[in-house]
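Q: I would like a close look at a single part of this protein, with the rest of the fold for comparison. Please keep the sentences short.

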Amino acid sequence: MMSYTYILINFFTVIICFLASFDRRIQFNRFFGKFLLSSTIVAVPFIIWDIWFTSKGVWWFDLHYTLGFKIAGLPIEEWLFFYCIPFACVFTYYCIEKFFTMDWVSVFNNLIVFTGIIILSVAGLLYYQKIYTLVTIVITLLTLCYLHFIAEKDWIGKASFVYIILMPGFFAVNGILTGSLIPSPVVNYNPDDFLGIRMGTIPVEDAVYGYTQFLLNIYFFKKITQNEK
């Protein structure tokens, strides 16, 4: 049963959203193909990052919690992670945007972006020797700057609000992966490569990493489906 841990995490993350996609009021199933395309665009660089960090020992996986199949050094469950988690996130964002008016959150776009840039820049300068911390900060800074200053997207505040709503799910999934409720972590981190600040068992970098991945998935999903309602 232990070997099914990671695959079950993926399954339970996605199953309710998947089934709800066929609800006639939602009909998210119309976008399955486009979601796969947009999530793959985002997944490719994140998977390359994952493969690189795994090969360098920045983090590693306890294969006792996996089915034992690996591709490029990553468990098959880790590959699925980059589709299952984004599916649940994009589906949630889609539903909230569809059924609720959240234009008021856009007022906070500038505040979120500039506060994020300042905090991340200071952290990057102070802890540049921590590779997980540094790469996460650089990718997040580039993402925020691109979305706000180049793409000029007005939904960053809205997406940030939805990300907060998703936090209970984030803590449940990442908590188990990092050792909550199970004898040892599925994902282990080299203490020399990250800040060591944890939210429960979750490195704070994971929350920033997840935020960036979330923003990029929303961006490409919106871009690919922009002519559809």
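Is Glu152 buried or exposed?

A: Glu152 is exposed, because its relative accessible area is 61% and anything over 50% counts as exposed. Keep in mind that this is a predicted model.

Start with where the residue sits. Glu152 lies in the loop between α5 and α6. Its backbone stands out too. Glu152 has a positive phi of about 55°, although it is not a glycine. Most residues other than glycine have a negative phi.

Ala72 makes a useful partner. Ala72 also has a positive phi of about 55° and is not a glycine. This residue is found in the loop between β2 (70-71) and β3 (74-75). Ala72 counts as partly exposed, because its relative accessibility is 48%.

Now follow the two helices that flank the loop of Glu152. Both α5 (131-150) and α6 (156-165) supply at least two residues to the lining of the second largest pocket. So do α4 (109-126) and α8. This pocket has a volume of about 610 Å³. Its lining has 25 residues, and nearest the centre lie Gly116, Leu120, Ala207, Val208 and Tyr211. By class, the lining divides into 18 nonpolar, six polar and one charged.

Next comes the largest pocket, with about 740 Å³ of space. It is lined by 40 residues, and the closest to its centre are Phe81, Ile85, Phe170, Val173 and Asn174. At least two lining residues come from each of several elements, including α1 (5-20), α7 (167-177) and α8 (204-224). Here the lining has 29 nonpolar, eight polar and three charged residues.

Finally, turn to the buried side of the model. The largest nonpolar core holds 70 residues. Among the members that touch the most others are Tyr132, Trp155 and Leu177. Helix α3 (residues 76-99) gives the most to this core, with 13 residues. In soluble globular proteins, nonpolar side chains tend to be buried together.

Take Leu177 as an example from that core. Set aside its neighbours within four places in sequence. Leu177 is then in contact with Tyr6, Ile9, Phe81, Pro185, Val186 and Val187. Phe81 appears again here, as one of the residues closest to the centre of the largest pocket.

Back to the starting point. Glu152 is an exposed residue in the loop between α5 and α6, with a positive phi.

How values were computed:
Residues numbered from 1 in each chain as written. Predicted model: local features only at pLDDT ≥ 70, side-chain atom pairs only at ≥ 80, totals over all residues. Heavy atoms only, no water. Core = buried A, V, L, I, M, F, W, Y, C linked by side-chain atoms within 4.5 Å. Buried < 20%, exposed > 50% of the residue type's maximum accessible area, 1.4 Å probe, protein only. Helix = DSSP H or I, 4+ residues; strand = E, 2+ residues; numbered from the N terminus. Contact = heavy atoms within 4.5 Å. 1 Å grid on protein atoms, 1.4 Å probe; cavity = no way out; pocket = protein on both sides within 12 Å on 5 of 7 lines; lining within 4 Å. Points joined across faces, edges and corners; volume = space filled by probe spheres on them. Nonpolar A, V, L, I, M, F, W, Y, C, P; charged D, E, K, R; others polar.
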